[in-house]
Amino acid sequence: MPAKLISIEEARTRVLTEAAALPSETIALSEALGSVLAEDIIASHNVPPFNNSGMDGYAVRASDTVEATPDSPVRLPISDTLPAGHVAAHGLQPGEAIRIMTGAPLPDGADTVVQSELTSEDDGYLVLVEPVKRGKNIRRAGEDVATGDRVLSAGMPLGPAEIGVLASLGHAHLLVHRRPRVAIISTGSELVEVDQPLGPGQIRNSNSYSLRAQCLQLGIAAAAFGIVPDDYEATRTAIEAGLDYDVLLTSGGVSVGRFDFVKDVQDELGVERRLWGVAMKPGKPLAFGVRGGTLVFGLPGNPVSAMVSFELFVRPALLRLMGYRKTTRPQYQAIIEEDVANPDGRTYVVRVRAWREDGTWHVSSTGAQGSGILRSMVGANGLAFIPGGPRGVRAGDEVEFLLLREDLEEP
Ligand code: AMP
Ligand code: MG
């Protein structure tokens, strides 16, 4: 370990300095969720493309209805029926009505649609007991998007609404920043795969799965290279293969143990180290560097450390490579519910349950916080940052926390 560990913020800055948006590529619209647009989108036509009915009802001329009263209803002969997708064969003649469904093009001559609920039919006639207001229930061509509008701009992340707008404008393909290709390697001679029985001294490889899931949440299907034993040659072969990717994540083997080879292998393969050791717990050992266009993260092996390091350093980098300008999760102040001691100098990253009460966030530890205790991540929707120092924090103090999830029920 170096004499001076760097802060979480400094480490993240060093990582992001190396991460620029990847070049653009054309992808299918159906694959675009979560990608960042690399072109401006100018509408080549109106949406909707034509005036159409906003209701199921009757297309009329408002002037034909002005005399209508309950005592003396107006009766208009119904000359046609227009389902959506059909264009009227002839226009609306004065004194007539045309039955029209939502989305059907407004026939020439009509200026208003009166909704079915306000009418009755009698023997082929539309019966109105009150006048209708001119222009009612008509969706004008271009009222959503007008030809020539810049609807989306380069740099925008694509969510469901943006994708819907692109579909309505006929963009089956679009230019986005390429998603990073990510490789995951789990080092450790004690590891076995999830479907294998445990022999003496063995544990299951959970990091490949949790890290891959963290990537999948960003829409990145990482290649999991599986388990590499703590052997220098095996580690070198695996890491060398991983350097073909945009991002290489290894877990384990990055501390100062006798069989921790990841840093030495990184050095031998020409990975230029940008940081080593962060003033946090869990997650102190982190060997980050670059080789060519590859970002190389040597993550700690402890399951919580690996996940927390991913959250704080890898996730922002992946987002930046994808073209996101905003790479951080929401961070808030919260009242902490219990005392937390943190006598050493490192920031203590505590897995918490966070909830809001009368507009104020509260956080409470999810339980035992050892870096190997993955259960503390289960049910955690936040990471709270406890500064180092003799006092620690006391119940009722304010702390900063990162909101990780929105899918958990209130406690
Ligand atoms: P290391 O950083 O390699 O010293 O690993 C630290 C701790 O994390 C050890 O107890 C390992 O057994 C454990 N560990 C390392 N890799 C994994 C993994 N892929 N899945 C689960 N636990 C792991
Ligand atoms: Mg190990």
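Student: What volume does the largest pocket have?

Tutor: Rolling a probe the size of a water molecule over the atoms shows where empty space is left. In this predicted model, the largest pocket has a volume of about 470 Å³. It is lined by 31 residues, and among those closest to its centre are Pro300, Gly301 and Asn302. Strand 13, strand 15 and helix 6 (303-321) each give two or more residues to this lining. By class, the lining comprises eight nonpolar, 16 polar and seven charged residues.

Student: Which pocket does ligand 1 take up?

Tutor: Ligand 1 occupies the largest pocket. Its shell consists of 15 residues, with Glu190, Asn205, Ser206, Gly253 and Gly301 the closest. Strand 13 (182-187) and strand 15 (203-204) each supply at least two residues of that shell.

Student: Which atoms of ligand 1 lie at short range from polar atoms of the protein?

Tutor: A polar contact is a pair of N or O atoms within 3.5 Å. An oxygen atom of ligand 1 lies 2.5 Å from a polar side-chain atom of Glu190. A nitrogen atom of the ligand is 3.0 Å from a backbone N or O atom of Ser206, and an oxygen atom is 3.2 Å from a polar backbone atom of Asn302. Of the 480 Å² that ligand 1 exposes when taken alone, the protein buries 77%.

Student: Which element gives the largest share of the lining of the second largest pocket?

Tutor: Helix 6 does, with four residues. The second largest pocket has a volume of about 390 Å³, and its lining of 18 residues includes Gln214, Met307 and Arg405 among those nearest the centre.

Key. Residues numbered from 1 in each chain as written. Chains lettered and ligands numbered in written order. Predicted model: local features only at pLDDT ≥ 70, side-chain atom pairs only at ≥ 80, totals over all residues. Heavy atoms only, no water. Near = heavy atom within 4 Å. Polar contact = N/O pair within 3.5 Å; in protein donor to acceptor, adjacent residues only side chain to side chain. Areas by Shrake-Rupley, 256 points an atom, 1.4 Å probe, with all protein chains shown as cover. 1 Å grid on protein atoms, 1.4 Å probe; cavity = no way out; pocket = protein on both sides within 12 Å on 5 of 7 lines; lining within 4 Å. Sits in = over half its atoms within 2 Å of the grid points. Points joined across faces, edges and corners; volume = space filled by probe spheres on them. Nonpolar A, V, L, I, M, F, W, Y, C, P; charged D, E, K, R; others polar.
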